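Student: I am new to this structure. Please take me slowly through one part of it, and tell me how each term is meant.

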Amino acid sequence: MTERDAPRALAHPEPEEIRLEGVLHALSDPLRFSIVRELADREVELACSDFVLPVTKSTTTHHFRVLRESGVVRQTYRGTAKMNGLRREELQALFPGLLDTLLTAAAAQESRLGQPTP
């Protein structure tokens with residue numbers, strides 16, 4: 001196998017390395033939280049290109065990296081696509097109810113304000 005053929009792997013924190021403050025920081029940005037909401041709603045892995053974000057490609061890459069490095073999402077390559085999946089089970093085990101509470105609160109805010117949370 002040549003270096004070109006080797007699978008590309010991305011660094012992810014192990015569950016014991018995931019910290020609450022890192023997760024909260026990642027979710028505090030409205031754009032990153034919108035990514036998480038879409039992943040939670042769809043319940044499937046999505047490619048970075050599946051998200052329509054109002055920022056440049058480099059800024060999009062930054063937001064996905066923050067989510068990955070905080071332990072909120074797992075990214076894997078499938079061909080040339082970088083797929084993103086929510087680490088729901090791991091987050092639930094580490095911080096019981098946190099993600100569901102935040103998603104419920106965001107839905108309530110959206111309903112109250114009549115507009116989607118960015």
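Student: Which residue follows H2, and is its phi positive or negative?

Tutor: Glu43 follows H2, and its phi is positive, near 55 degrees. Before going further, note that this is a predicted model, in which local features need pLDDT of at least 70, side-chain atom pairs count only at pLDDT 80 or more, and totals for chains, interfaces and linings use all residues. Residues are numbered from 1 along each chain as its sequence is written, and side-chain values use heavy atoms, with hydrogens and water left out.

Back to Glu43. A positive phi here belongs to a residue other than glycine. Glu43 sits in the loop between H2 and strand S1, which covers residues 46–47. Helices (H or I, at least four residues) and strands (E, at least two) are DSSP runs, numbered from the N terminus. Glu43 has a relative accessible area of 67%, so it is exposed. Exposed means over 50%, buried means under 20%, and partly exposed lies in between (1.4 Å probe, protein chains only).

Now the helix that Glu43 follows. H2 covers residues 30–42. Its 13 residues should span 18 Å at 1.5 Å a residue, and because its end C-alpha atoms are 18 Å apart, the two values agree. The expected span is 1.5 Å times one less than the number of residues.

The N-terminal end of H2 has a cap. Asp29 supplies it, with a side-chain oxygen 2.9 Å from the backbone nitrogen of Leu31. Leu31 is itself one of the buried residues of H2. The others are Arg32, Phe33, Ser34, Ile35, Val36, Arg37, Leu39 and Ala40.

Three names at this end lead to another helix. Asp29, Leu31 and Arg32 all touch His63, when residues up to four places away in sequence are not counted. Here contact means heavy atoms within 4.5 Å. Arg32 also makes a polar contact with His63, side chain to side chain, at 3.1 Å. A polar contact is a pair of N or O atoms within 3.5 Å; within protein, one must be able to donate a hydrogen and the other to accept it, and residues adjacent in sequence count only if both atoms are side-chain atoms. His63 has 7% relative accessibility, so it counts as buried.

His63 is placed in helix H3, residues 57–70. H3 has 14 residues. From its first C-alpha to its last it reaches 20 Å, close to the 20 Å expected at 1.5 Å a residue. Along with His63, the buried residues of H3 are Thr60, Phe64, Val66, Leu67, Arg68 and Ser70. H2 is part of what covers them, and the cover also includes H1, strand S2 (73–78) and strand S3 (81–86).

The residue after H3 also has a positive phi. Gly71 follows that helix, and its phi is near 95 degrees. In the residue after H2, by contrast, the positive value falls in a residue other than glycine.

From H2, a further link runs to strand S3. Leu39, buried in H2, is in contact with Asn84. Asn84 is found in S3. Its relative accessible area is 0%, so Asn84 is buried. Leaving aside neighbours within four places in sequence, Asn84 also touches Val44, Glu45, Leu46, Ala47, Cys48, Phe64, Val73, Arg74 and Gln75. Phe64 in that list is one of the buried residues of H3.

The side chain of Asn84 has polar partners too. A polar contact of 2.7 Å joins it to the side chain of Gln75. A polar atom of the Asn84 side chain also lies 3.4 Å from the backbone oxygen of Lys82.

One last view starts again from Leu39. Its C-alpha is separated by 18 Å from that of Ala108, and the two residues are 69 residues apart along the chain. Ala108 is in helix H5. At 44% relative accessibility, Ala108 counts as partly exposed.

To retrace the path: Asp29 caps the N-terminal end of H2, and Glu43 follows this helix with its positive phi. Arg32 joins its side chain to that of His63, and Leu39 is in contact with Asn84.
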